[in-house]
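Here's a quick briefing to read with the sequence and the 3D view open side by side. Have a look at the structure, then work through the points by topic.

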Amino acid sequence: MNVSLNWLATHLDLAGKSIKEIDDLFTFAGVEVEGIIPKGITSEKIVVAQIKEAVQHPNADRLKVTQVDAGEGSLRQIVCGAQNYKVGDKVPCALPGAELPGGFTIGETVMRKVESKGMLCSASEIGLPPGEDGLLILPADAEIGKPAKLLFDSDVLLELEVTPNRPDLLSHYGMARELATLLKTPLKPLELPAVTTAAASAIQLDAPAACPLYTAVRISGVKVQESPAWLKQRLESIGLRPINQIVDVTNFVLHELGQPLHAFDAAKLSGDIVVRHANEGEVFLALDESEHTLTADDLLISDASGAALALAGVMGGLHSGVTETTTDILLESAYFTPQGIRRTSRRTALSSDSSYRFERGVDPQGILTASALATKLILELAGGSAEASIQVAGEAPVLTQPVVLDAQKLDQLMGGSIALPAAEEILTRLGLSKLADGAWDVPSFRADLHRHIDLVEEIARVHGLANVPSRFLGAFVPASPVDAAYDADMVLRRRLAALGLHECQTIKLISDAQVADVLPLRPLQDGDVIRVKLPLSEDHAVMRPSIVPGLIASAARNVRQQAKSLRFFEMGRVFRNAGGGKAKDQESETLAILLSGSNLPTGWTQADRHADLYDLNGVLSALLGERKITFAPKERAGFVLASEIKVDDQNIGVFARLMPARERELDFTSAVYVAELDLGKIRKLLNGISHVEDLPQFPGSSRDAAMELPLAMPNAKIEAVIANLAEPLLVSSECFDVFTDASGIKIAAESKSVAYRFHYREPSRTLKTEEIDAAHQNVLDALVKGLDVKFR
């Protein structure tokens, strides 16, 4: 939200308060100051100077050497490139040390071997709106040496971020009211006209739940034209473009009081105003010329003919607004329920200053006041006559109720730092009033105050948290399972980052389309997916049962940015039902990994190799140390090469490759391998260094064996036979070659040749050849017996 400091100053006295002080006040009161933008001349060292002499620069055709009087008692030499001045003109002169917009500081310099002691300035160079090319020529009666800032209006634009629970701050009067409380400064009273109301005869309220209160006033005989200077200046100070005095008044009142208004051209209305829900599929043409298909949840303002005049609380219609030919207007001021406006704004992707405020909730008691103020201003600026009474349909909702302040709890929570009378004085300054029974009556604009603790929070905020004493320093807390889980996660993060993987953080909501990419630890059944009842968008309709879809989406975005190597991981919660929905709302934590693309940087000395299953196995081995990792094939819908990942016969996760068709759909140029691991089990496997072995003192010996076995036999069965044998001299084994021949010439088409290397060693002595041969034969015999293989 943009706030003009000059506009604020119309509501309270800010004399003597620096921008730094106001910034600190807002910050410590819970309003984030995102930016401070000075407007106009800010430096005291930009002064009025008169040009006494201008001669050609001896070394530059387009420069002149001037002598100027800046009120210092002697002339100052300045080199200037402008051409639009003459001797005797008065211009802004930036003396050395002056700070110009953009952070540029003026100093003494030498230009083409001629000394220059300052800078003669154009309008844009000192923070004023751009004027003619060249120097800014000042009035002839401007006093020489006087700071130029005194000749022009200046302002400061504050860019503020207001929390959703404080819609009362979304106006200049609301901000001034807050500052007055913090500064203990009286708030200047608003000059508001008296409000006269009458039961509406031309308003049909068909959706009272979505619009509890709707008011309108007809103003006839107006003349639409350009707004006066003061109104345009107010709007321009916060970045708004003036349009005409009718529209500008509604914008002014919105930013003055926080109540959105809308003006209809009465000649374009047919009969009464009707506040209704849209018909399913009804089309609305918005003021920005965008077309929207509505649902029955959307609220419309229409006339008796059914023509849609405005999307309630969001944006006006294209053909019902005020133009230069308008003579009669209907001024709307209403209260719309925040939930409905938020839903419509998100679904239609239409956002406006009005919807921003209606989504958070406006003051129900300020609706008539805003309408009366706008009517008064329109009559002053555009002429015409207004109805004697504002037409009112419905009733203003009551959103607040009295709240009791518990003095004992207040003293306890505030550490005795504030006395009860001082706390009550703060509540009074905030607009609350004490009732006879001791409870506090909450004003209608503070609908966020419901409980005792809300009042204490307001007292603490205004009193200053720095004034609340600390009762004790950090106390020792024994380690908990939460601490252990955090430490284990950090170990995993460091190890994965050291392996070249990048951590992702994706949203926990996915779209229906992404459900096809899920790779949960246990396959999903119908009813296991948890859907969001009122999703903000189609992309956030399902609570993720797996992290993999988010990683795939991140990888796809990286591919579109020409990334060649994709190595991602993410830790987080997943959500699902179980047993087809019998067990509800289960949460667990998983670790997901995605590998794809080049494994090595591009270089002429090395061949490119893409990530595969073995790279994933290497990542897991690096995470879990010396533990034995095996893959047990198990089909998963939507994936190929799917397997369960086991460690010491314990299932810790699942691995798969994305379907090639899905890879092509997402523009991947190489295979995409993903894994999802049970984070709880992984944490338990992180035992640190379990033991340390000395380097072998005696040599070992290797034997190779090539075996012929059925094409479909998984490698895991070979590893299982070798592990079950437990040959004492066998220290390691690895598969180093796989050969198949689809033609059946070199080996039967239904068979494959798998070559293994076995390494043997005895830690206490050198083995004899006979011993190695015997141990090797034991391994071969076990493979023949267990798998019926043939050795080649």
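What follows is a short tour by topic, and keep in mind that this is a predicted model. A search of the whole structure turns up 38 salt bridges, and the largest nonpolar core has 61 residues. We'll take one helix, the cores, the charged pairs, an open sheet and two single residues in turn.

**Helix H3**

- H3 covers residues 172-183, which makes twelve residues, and its first and last C-alpha atoms are 16 Å apart, close to the 16 Å expected at 1.5 Å a residue.
- Buried or exposed, what are the residues of H3? Twelve of its twelve residues are buried, so the helix is mostly covered.
- That buried list takes in charged residues as well as nonpolar ones, including Arg177, Glu178, Met175 and Leu179.
- At the N-terminal end, Ser171 acts as the cap of H3, with a side-chain oxygen 2.9 Å from the backbone nitrogen of Gly174.
- Past the other end, Lys184 comes just after H3 and takes a positive phi of about 55°.

**Nonpolar cores**

- Within the largest nonpolar core, of 61 residues, the ones with the most contacts are Tyr214, Val253, Ile301, Phe336 and Ile378.
- Helix H8 (residues 367-382) gives the most to this core, eight residues in total.
- Apart from that core lies another one, of 29 residues, among them Leu591, Ile593, Phe655 and Ala671.
- What does Ile301 touch? Leaving out residues up to four places away in sequence, its contacts include Tyr214, Phe264, Ile273, Val274, Leu309, Glu332 and Phe336.

**Charged pairs**

- As background, side chains of opposite charge can pair when their charged atoms come close.
- Lys149 and Glu44 make one salt bridge, with the closest N and O atoms 3.7 Å apart.
- That pair links distant parts of the chain, 105 residues apart: Lys149 sits in the loop between strand S11 (119-120) and strand S12 (155-161), and Glu44 in the loop between strand S2 (32-39) and strand S3 (46-56).
- Lys149 has 24% relative accessibility, so it counts as partly exposed.
- Arg76 and Glu72 make another salt bridge, with 2.8 Å between the closest N and O atoms.
- In this pair Arg76 is buried, with a relative accessible area of 14%, whereas Glu72 is partly exposed at 38%.
- Arg757 and Asp704 also meet through their side chains in a salt bridge (2.9 Å, N to O).
- This is a link between distant parts of the chain too, since Arg757 lies in strand S40 (residues 751-760) and Asp704 in strand S38 (residues 701-710), 53 residues apart.
- Arg757 is partly exposed, with a relative accessible area of 31%, and Asp704 is partly exposed at 44%.
- There is also a network of salt bridges, which links Arg166, Asp168, Glu178, Arg446, Asp448, Glu458 and Arg461; Glu178 is one of the buried residues of H3.

**An open sheet**

- Five strands form an open sheet with mixed pairing, in the order S14-S17-S20-S21-S22.
- Why is one side of S14 and of S22 left without a neighbour in the sheet? Strand S14 (203-205) and strand S22 (315-316) stand at the edges and each has a single partner strand, so one side of each has no neighbour there.
- S14 pairs with strand S17 (residues 273-277) in the parallel sense, over three bridges.
- In that pairing, Gln204 stands opposite Val274 in S17.

**Two residues to click on**

- Ala216 has its place in strand S15 (residues 213-220) and is buried, with a relative accessible area of 2%.
- Leaving out residues up to four places away in sequence, Ala216 touches Ile203, Leu330, Leu331, Glu387, Ile390 and Gln391.
- The C-alpha atoms of Ala216 and Leu261 are separated by 9.9 Å, and the two residues are 45 residues apart along the chain.
- Asp615 lies in helix H14 (residues 613-624) and is buried, with a relative accessible area of 16%.
- The side chain of Asp615 makes a polar contact with the side chain of Arg609 (2.8 Å), and it reaches the backbone nitrogen of Asp612 at 2.9 Å.
- Besides Arg609, Asp615 touches Leu595, Asn599 and His610, not counting residues up to four places away in sequence.

Notes: Residues are numbered from 1 along each chain as its sequence is written. This is a predicted model: local features need pLDDT of at least 70, side-chain atom pairs count only at pLDDT 80 or more; totals for chains, interfaces and linings use all residues. Side-chain values use heavy atoms; hydrogens and water are left out. Helices (H or I, at least four residues) and strands (E, at least two) are DSSP runs, numbered from the N terminus. The expected span of a helix is 1.5 Å times one less than its number of residues. Buried means under 20% relative accessible area, exposed over 50%, partly exposed in between (1.4 Å probe, protein chains only). A polar contact is a pair of N or O atoms within 3.5 Å; within protein, one must be able to donate a hydrogen and the other to accept it, and residues adjacent in sequence count only if both atoms are side-chain atoms. A nonpolar core is a set of buried Ala, Val, Leu, Ile, Met, Phe, Trp, Tyr and Cys residues joined through side-chain atoms within 4.5 Å. Contact means heavy atoms within 4.5 Å. A salt bridge is a side-chain nitrogen of Lys or Arg within 4 Å of a carboxyl oxygen of Asp or Glu. Two strands pair if DSSP finds at least two bridges between them.
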